[in-house]
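Please open the model in the viewer and keep the sequence panel visible. The tour proceeds by selections, each followed by a description of what is found there.

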Amino acid sequence: MYKGLLKITPAEAHVMCDRIKRLRLQRPEWFDLLSYEELASCYNGAGSDDTPKPLRKVFTRLLAFAQEAILIHDAEYQYIKRFCPLDYMDRNKFLDANRHLGENAEFLAKKRTAFFSPLRYWRILVARDARAIVDEWGYSAWIE
C-alpha cells in the first residue's frame, strides 16, 4: 500500500479481488463489474471520508486482517448510486453493505488466525464492533 494505510494501487486492488473471489466473500452482484482503478480510487481504509485521518488509520490498523472486507464495503458505499440509482437510499441496502463488512471481516478473522489464539477472538470482536459502528453512524455518509 502507498500513502500510508488509506490508499491502494490498482495492482493491489487486483490481488485483493483475486482473494475476494477465491475466498467467496459476500459482495453485491455488481462488484465484479468495477475496474481495478475504480476499486483502488474508492478505497480509503476503515471509516468514512468525514472520519479524521488519524482515527481512520487506527480503524484501518485494527481491521488490517480484513482489507478485502473493507474494499468491498468502500465499493458498496461509493458505487451504490451507479448500480441502484432508484433505491440507493433504501436502509436495507445500507444494512446489507454493513452486514457484508461484518460477516466478511469475521470470516477473515477466523480464516487467518489460529483457533486457539486469543488474537482470533479479539479480531472477531473487532469485526462485530465494526459492523455495529457503521450501522449506528454510517447512514449519513451512505445517503450523501
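**First selection: H1 and H4**

Select Met16, Arg19 and Ile20 in H1, which meet Gln67, Glu68, Leu71 and Ile72 in H4; contact means heavy atoms within 4.5 Å. By class, this contact of H1 with H4 has 4 nonpolar, 1 polar and 2 charged residues. Ala, Val, Leu, Ile, Met, Phe, Trp, Tyr, Cys and Pro count as nonpolar, Asp, Glu, Lys and Arg as charged, and the others, Gly among them, as polar. Helices (H or I, at least four residues) are DSSP runs, numbered from the N terminus.

The model is predicted: local features need pLDDT of at least 70 and side-chain atom pairs count only at pLDDT 80 or more, while totals for chains, interfaces and linings use all residues. Residues are numbered from 1 along each chain as its sequence is written, and side-chain values use heavy atoms, with hydrogens and water left out.

Now display H1 (residues 10-23) and H4 (residues 67-83) in full: their axes come within 10 Å and cross at roughly 100°. H1 is therefore roughly perpendicular to H4, a term for angles of 65 to 115 degrees. Axes are lines fitted to C-alpha atoms, for helices over the stretch in contact, and angles run from 0 to 180 degrees between N-to-C directions.

**Next selection: H6**

Select residues 118-137, which form helix H6. Its buried residues are Arg120, Arg123, Ile124, Val126, Ala127, Ala130 and Val134. They cover an arc of only 160° around the axis, which puts them on the same side of H6; the arc is that of the directions from the helix axis to the C-beta atoms. On the other side of H6, Pro118, Glu136 and Trp137 are exposed. Buried means under 20% relative accessible area and exposed over 50% (1.4 Å probe, protein chains only).

What covers the buried residues of H6? The cover includes helix H3 (53-62), H4, helix H5 (91-112) and helix H7 (139-142).

**Next selection: H5 beside H6**

Add H5: the axes of H5 and H6 come within 8 Å and cross at roughly 170°. The two helices are therefore roughly antiparallel to each other, the term for angles over 145 degrees. The residues of their contact divide into 9 nonpolar, 2 polar and 11 charged.

Within H5, select Asn104. At 2% relative accessibility, Asn104 counts as buried. Leaving aside its neighbours within four places in sequence, Asn104 is in contact with Leu25, Gln26, Ala69, Ile72 and Arg99.

**Last selection: Ala114**

Finish at Ala114, in the loop between H5 and H6. At 52% relative accessibility, Ala114 counts as exposed.

Key:
Angles under 35 degrees count as roughly parallel, over 145 as roughly antiparallel, 65 to 115 as roughly perpendicular and the rest as oblique. The expected span of a helix is 1.5 Å times one less than its number of residues.
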